[in-house]
Amino acid sequence: MLVKLIALEKSDRATIREIYVNPRHIISVSEISSHNEPLINEAKDLGLTEAIQFSRLTIQEGNVSRTITVVGRPWEINQKINKKQILRG
């Protein structure tokens, strides 16, 4: 089952988009201090409030790992990853 997260990315400028992640490929989730992250400071121009927290998500893609900045604290991301879904029979 894939998990929907909101990612913060930078191409020419900071943008927000939805991504779907396979929880089995997640290596780690760590909190980001917004004070020393230029991407997060730039994201505040997108209309995000000061109260929003960000996490760094590390994903294993084959032999390579990739780091993504996502909206939410590590415990919020963990809740989404471990959410149980009941199938209707």
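**Exercise 1. Find how S4 and S5 are joined, and what lies between them.**

Step 1. S4 and S5 run antiparallel and are joined by eight bridges. Strands here are DSSP runs (E, at least two residues), and helices are runs of H or I with at least four residues, numbered from the N terminus. Two strands pair if DSSP finds at least two bridges between them.

Step 2. The two strands form a hairpin with two residues between them. In the turn, Gly62 has a positive phi of about 70°.

Step 3. S5 also pairs with S1: residues 3–10 and residues 64–71 are antiparallel over two bridges.

The model is predicted: local features need pLDDT of at least 70, side-chain atom pairs count only at pLDDT 80 or more, and totals for chains, interfaces and linings use all residues. Residues are numbered from 1 along each chain as its sequence is written, and side-chain values use heavy atoms, with hydrogens and water left out.

**Exercise 2. Describe the surroundings of Ser55 in strand S4.**

Step 1. Strand S4 covers residues 54–61 and includes Ser55. The bridge partner of Ser55 in S5 is Val70. Val70 is also the bridge partner of Ala7.

Step 2. Is Ser55 buried or exposed? Ser55 is buried because its relative accessibility is 0%; buried means under 20% relative accessible area, exposed over 50%, and partly exposed in between (1.4 Å probe, protein chains only).

Step 3. The Ser55 side chain comes to 2.6 Å from the backbone oxygen of Gly72.

Step 4. Beyond neighbours within four places in sequence, the contacts of Ser55 (heavy atoms within 4.5 Å) include Val29, Ile32, Ile68, Gly72 and Ile77.

**Exercise 3. Place Lys83 and state how it is covered.**

Step 1. Lys83 lies in the segment after helix H2 (74–81).

Step 2. Lys83 counts as exposed because its relative accessible area is 61%.

Step 3. Which distance separates Lys83 and Val3 in space? From C-alpha to C-alpha it is 9.2 Å, although the two are 80 residues apart in sequence.

**Exercise 4. Summarise the whole chain.**

Step 1. The chain has two helices and five strands, in the order β-β-β-α-β-β-α along the sequence.

Step 2. Of its 89 residues, 27% count as buried.

Step 3. Among contacts between residues at least 6 apart in sequence, 47% join residues at least 24 apart.

Step 4. About 6,400 Å² of the chain is exposed, and carbon and sulfur atoms supply 48% of that area. Accessible areas come from the Shrake-Rupley method with a 1.4 Å probe; for residues, only the protein chains shown count as cover.

Terms used: A polar contact is a pair of N or O atoms within 3.5 Å; within protein, one must be able to donate a hydrogen and the other to accept it, and residues adjacent in sequence count only if both atoms are side-chain atoms.
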